[in-house]
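Please look through the sequence and the 3D view below before reading on. The paragraphs that follow go from strand to strand, and it may help to locate each residue as its name comes up.

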Amino acid sequence: QVQLVESGGGLVQAGGSLRVSCAASGSISRINVWAWYRHAPGKQRELVAHITSGGLTDYPDSVKGRFTISRDNAKNTLYLQMNSLKAEETAVYYCAARASYWGQGTRVTVSS
């Protein structure tokens with residue numbers, strides 16, 4: 001019903017920046033909450049950002065001030081801008097719609 005495809009992952013040096021994208025399609029008109037999660041090997045999946053249809057955003061303290069979530073409604077695309085990346089933030093980054101629909105993820109590797 002809802003399809004999500006992430007892109008933009010890659011290798012970046014510690015302290016660098018990267019923007020990942022999520023293209024959404026299907027029955028998305030009723031989705032009010034969109035989010036980014038990350039999952040590193042051996043660690044629990046972690047919420048890193050979410051945004052409502054009204055534009056309200058929220059972030060955990062670990063990324064606040066460095067990460068920015070945004071949407072381009074005309075393109076049905078969700079973005080996550082990541083600045084000042086740390087090596088421990090190496091993970092697969094996933095977008096989610098209402099925590100019910102997930103993409104396959106895009107891998108981000110931060111080199112120290």
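Two strands are said to pair if DSSP finds at least two bridges between them. Strands of a sheet pair through backbone hydrogen bonds, and the pairing may be either parallel or antiparallel. The model shown here is a predicted one, and in it strand 7 and strand 8 pair in the antiparallel sense, over six bridges. To see one of these matches, find I69, whose bridge partner in strand 8 is L80. The two strands form a hairpin with four residues between them, and in the turn N76 has a positive phi of about 50°.

This hairpin belongs to an open sheet, in which four strands follow one another in the order 1-3-8-7 with antiparallel pairing. Strand 1, covering residues 2–7, and strand 7, covering residues 67–72, are the edge strands, since each of them pairs on one side only. From one strand to the next, the twist averages 20°. At the other end of the order, strand 1 runs antiparallel to strand 3, residues 18–26, and six bridges join the two; here Q3 has S25 of strand 3 as its bridge partner.

Now turn to strand 9, residues 91–97, which pairs with several other strands. Six bridges join strand 9 to strand 4, residues 33–39, and these two run antiparallel; within this pairing R38 stands opposite Y93. Strand 9 also pairs in the antiparallel sense with strand 11, residues 106–111, over three bridges, and there A91 stands opposite V108. With strand 10, residues 101–102, the pairing is again antiparallel, over two bridges, and A97 stands opposite Y101. Strand 9 and strand 10 form a hairpin that has three residues between the strands, and in this hairpin R98 takes a positive phi near 55°.

Why is strand 9 described as largely enclosed by the rest of the structure? A residue counts as buried when its relative accessible area is under 20%. Six of the seven residues of strand 9 are buried in this sense, and therefore the strand is largely enclosed by what surrounds it. One residue of strand 9 that is buried is C95, with a relative accessible area of 1%.

C95 also takes part in a covalent link, for a disulfide is a bond of that kind between the sulfur atoms of two cysteines. How many disulfides does the structure hold? It holds one, formed by C22 and C95, whose sulfur atoms are 2.0 Å apart. The link of C22 and C95 is right-handed, with 55° about the S-S bond. Because C22 lies in strand 3 and C95 in strand 9, the pair ties together parts that are 73 residues apart in sequence. C22 is buried as well, with a relative accessible area of 0%.

A last stop is E89, which is found in the loop between strand 8, residues 77–82, and strand 9. Is E89 buried or exposed? With a relative accessible area of 3%, E89 is buried, because this value falls under the limit of 20%. The side chains of E89 and R38 are joined by a polar contact of 3.2 Å. Leaving aside neighbours within four places in sequence, E89 is in contact with several residues, including R38, F67 and V108. Two of these names have appeared before: R38 stands opposite Y93 in strand 9, and V108 is the residue of strand 11 that stands opposite A91.

Key. Residues are numbered from 1 along each chain as its sequence is written. This is a predicted model: local features need pLDDT of at least 70, side-chain atom pairs count only at pLDDT 80 or more; totals for chains, interfaces and linings use all residues. Side-chain values use heavy atoms; hydrogens and water are left out. Axes are lines fitted to C-alpha atoms, for helices over the stretch in contact, and angles run from 0 to 180 degrees between N-to-C directions. Buried means under 20% relative accessible area, exposed over 50%, partly exposed in between (1.4 Å probe, protein chains only). A polar contact is a pair of N or O atoms within 3.5 Å; within protein, one must be able to donate a hydrogen and the other to accept it, and residues adjacent in sequence count only if both atoms are side-chain atoms. Contact means heavy atoms within 4.5 Å. A disulfide is a pair of cysteine sulfur atoms within 2.5 Å.
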